[in-house]
Amino acid sequence: MDQMKGNLLLLLTALIWGSAFVAQSVGMDYVGPFTFNAARNLLATGVLVPVVLAFGGVRQGSLWQRLRPDAVTVKAGLCCGVIMGVASNLQQVGIAQTTAGKAGFITALYIILVPILGRFLGRTVRKILLLCVPMALVGFYLLCVTGDFTISFGDFLVFLCAVFFALHILCVDHFLLKGASGVRVAWIQFAMTFLVSLLGALVWETLPAAGLGPALWAARWPLLYTAGLSSGVAYTLQIVGQKYTDPTTATLIMSLESVFAVLAGWLFLGEVMTLREIIGCGLVFAAVLLAQR
């Protein structure tokens with residue numbers, strides 16, 4: 001029963017994360033991608049406070065004593081936050097120029113990229129990846145490359161985002177092995193991602209004609225969904241769910257995020273995929289599944 005409970009919680013996590021691609025796409029009808037990410041991560045930093053209090057391991061003392069991270073956790077949060085800031089903004093800018101479904105599947109390539117990049121850090125690459133990598137590349141080609149052998153700029157940015165998300169996972173793993181607190185790392189990295197996004201907004205974006213306040217208010221539902229559900233609730237569900245599920249099964253279930261992204265794009269945005277793109281999605285998802293074996 002406990003394992004079934006964990007699997008259901010992780011499945012709900014994948015559903016929330018996958019459907020968040022729609023919210024990210026809709027949110028940019030009102031504000032720029034960097035502004036959206038800055039607002040989202042500022043809200044997420046606040047949302048994660050009760051998560052840290054509940055799962056941070058410190059039950060007694062003042063509010064700050066229960067939230068306070070140690071030196072390793074601070075360093076982890078800053079490093080992971082910079083990488084996450086780059087990754088999430090590449091994704092957000094890319095989503096503005098591609099579909100939510102394609103963005104979800106391309107982002108899923110990080111599951112293939114993690115062991116490949118880990119090889120450069122001296123980790124062993126499993127033989128199954130010799131099949132997964134070319135399968136994913138063929139799927140990515142069918143999904144993104146048009147008949148004249150060009151790839152859209154949005155697809156390319158989302159692919160770069162997958163690379164940085166893979167680096168992010170390796171960075172998190174590195175610091176967790178050094179004893180960093182997982183929930184506190186998440187809390188600090190959301191704050192750091194806010195700063196990276198804010199810098200991007202100041203450099204590359206202009207204020208909406210109606211003013212920033214009204215524009216953010218108009219985007220309140222996508223912001224609340226991505227900050228509250230995608231960051232706060234889903235992250236909590238992941239923590240609780242993984243208590244009852246082994247890591248391989250957990251990653252496999254959460255990789256269904258890409259499927260839910262396509263379904264949500266079809267259901268809420270009316271996105272229609274061609275047969276070529278559907279085959280590409282199938283190959284990428286099959287590669288993702290095989291990578292978990």
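This briefing covers helix packing, nonpolar cores and a few single residues in the structure above. The model is a predicted one. Its largest nonpolar core has 41 residues, and a second, separate core has 14 residues. Three helix pairs are described after the cores: H5 with H7, H6 with H8, and H4 with H9.

**Nonpolar cores**

- Within the largest nonpolar core of 41 residues, the members that touch the most other members are Phe105, Ile106, Leu109 and Tyr110.
- Several helices give two or more residues to this core: H4 (71-95), H5, H6 (110-119), H7, H8 (153-177), H13 (257-269) and H14 (275-291).
- The second core is separate from this one, and its 14 residues include Ala44, Leu48, Met84 and Phe190.
- Tyr110 touches Ala162, Phe165, Ala166 and Ile169, when residues up to four places away in sequence are not counted.
- As general background, nonpolar side chains in soluble globular proteins tend to be buried together.

**Helices H5 and H7**

- Helix H5 covers residues 100-107 and helix H7 covers residues 129-144; the two pack at an angle of about 165°, and their axes are 11 Å apart.
- Because of this angle, H5 is roughly antiparallel to H7; the cut-off for that term is an angle over 145 degrees.
- H5 and H7 cross in a left-handed way.
- On the H5 side the residues are Lys102, Phe105 and Ile106, and they meet Phe140, Leu143 and Cys144 in H7.
- Sorted by class, this contact of H5 with H7 has five nonpolar residues, one charged residue and no polar ones.
- Phe105 and Ile106 thus appear in two settings: they meet H7 as part of H5, and they are among the residues that touch the most other members of the largest core.

**Helices H6 and H8**

- H6 and H8 pack at an angle of about 60°, with 8 Å between their axes.
- The two helices are therefore oblique to each other.
- Their crossing is right-handed.
- H6 contributes Tyr110, Leu113, Val114, Leu117 and Gly118 to the contact, while H8 contributes Ala162, Val163, Phe165, Ala166, Leu167, Ile169 and Leu170.
- By class, the contact of H6 with H8 has eleven nonpolar residues, one polar residue and no charged ones.

**Helices H4 and H9**

- H4 packs with helix H9 (residues 182-204) at an angle of about 45°, and their axes are 7 Å apart.
- That angle makes H4 oblique to H9.
- The crossing of H4 past H9 is right-handed.
- In the contact of H4 with H9 there are twelve nonpolar, nine polar and one charged residues.

**Two residues of helix H1**

- Gly27 lies in helix H1, which spans residues 2-27.
- Gly27 is buried, because its relative accessible area is 0% and the cut-off for buried is under 20%.
- With neighbours within four places in sequence left aside, Gly27 is in contact with Phe36, Ala219 and Pro222.
- Gly27 and Leu216 are 189 residues apart in sequence, and their C-alpha atoms are 8.9 Å apart in space.
- Ala20 also lies in helix H1.
- Ala20 is buried as well, with a relative accessible area of 1%.
- Ala20 is in contact with Tyr225, Thr226 and Ser230, again leaving aside neighbours within four places in sequence.
- Ala20 and Leu223 are 203 residues apart along the chain, and their C-alpha atoms are separated by 9.8 Å.

**Two arginines**

- Arg40 is in helix H2 (residues 33-55).
- Arg40 counts as buried, at 12% relative accessibility.
- Apart from neighbours within four places in sequence, Arg40 is in contact with Gln24, Leu223, Thr226, Ala227, Ser230 and Ser231.
- Thr226 and Ser230 are contacts of Arg40, and they are also contacts of Ala20.
- Arg68 is in the loop between helix H3 (63-67) and H4.
- Arg68 is partly exposed, with a relative accessible area of 48%.
- Arg68 and Val58 are ten residues apart along the chain, with 9.5 Å between their C-alpha atoms.

How values were computed:
Residues are numbered from 1 along each chain as its sequence is written. This is a predicted model: local features need pLDDT of at least 70, side-chain atom pairs count only at pLDDT 80 or more; totals for chains, interfaces and linings use all residues. Side-chain values use heavy atoms; hydrogens and water are left out. Axes are lines fitted to C-alpha atoms, for helices over the stretch in contact, and angles run from 0 to 180 degrees between N-to-C directions. Helices (H or I, at least four residues) and strands (E, at least two) are DSSP runs, numbered from the N terminus. Angles under 35 degrees count as roughly parallel, over 145 as roughly antiparallel, 65 to 115 as roughly perpendicular and the rest as oblique. A crossing is left-handed if the near helix is turned anticlockwise from the far one by less than a right angle, and right-handed if clockwise. Contact means heavy atoms within 4.5 Å. Ala, Val, Leu, Ile, Met, Phe, Trp, Tyr, Cys and Pro count as nonpolar, Asp, Glu, Lys and Arg as charged, and the others, Gly among them, as polar. A nonpolar core is a set of buried Ala, Val, Leu, Ile, Met, Phe, Trp, Tyr and Cys residues joined through side-chain atoms within 4.5 Å. Buried means under 20% relative accessible area, exposed over 50%, partly exposed in between (1.4 Å probe, protein chains only).
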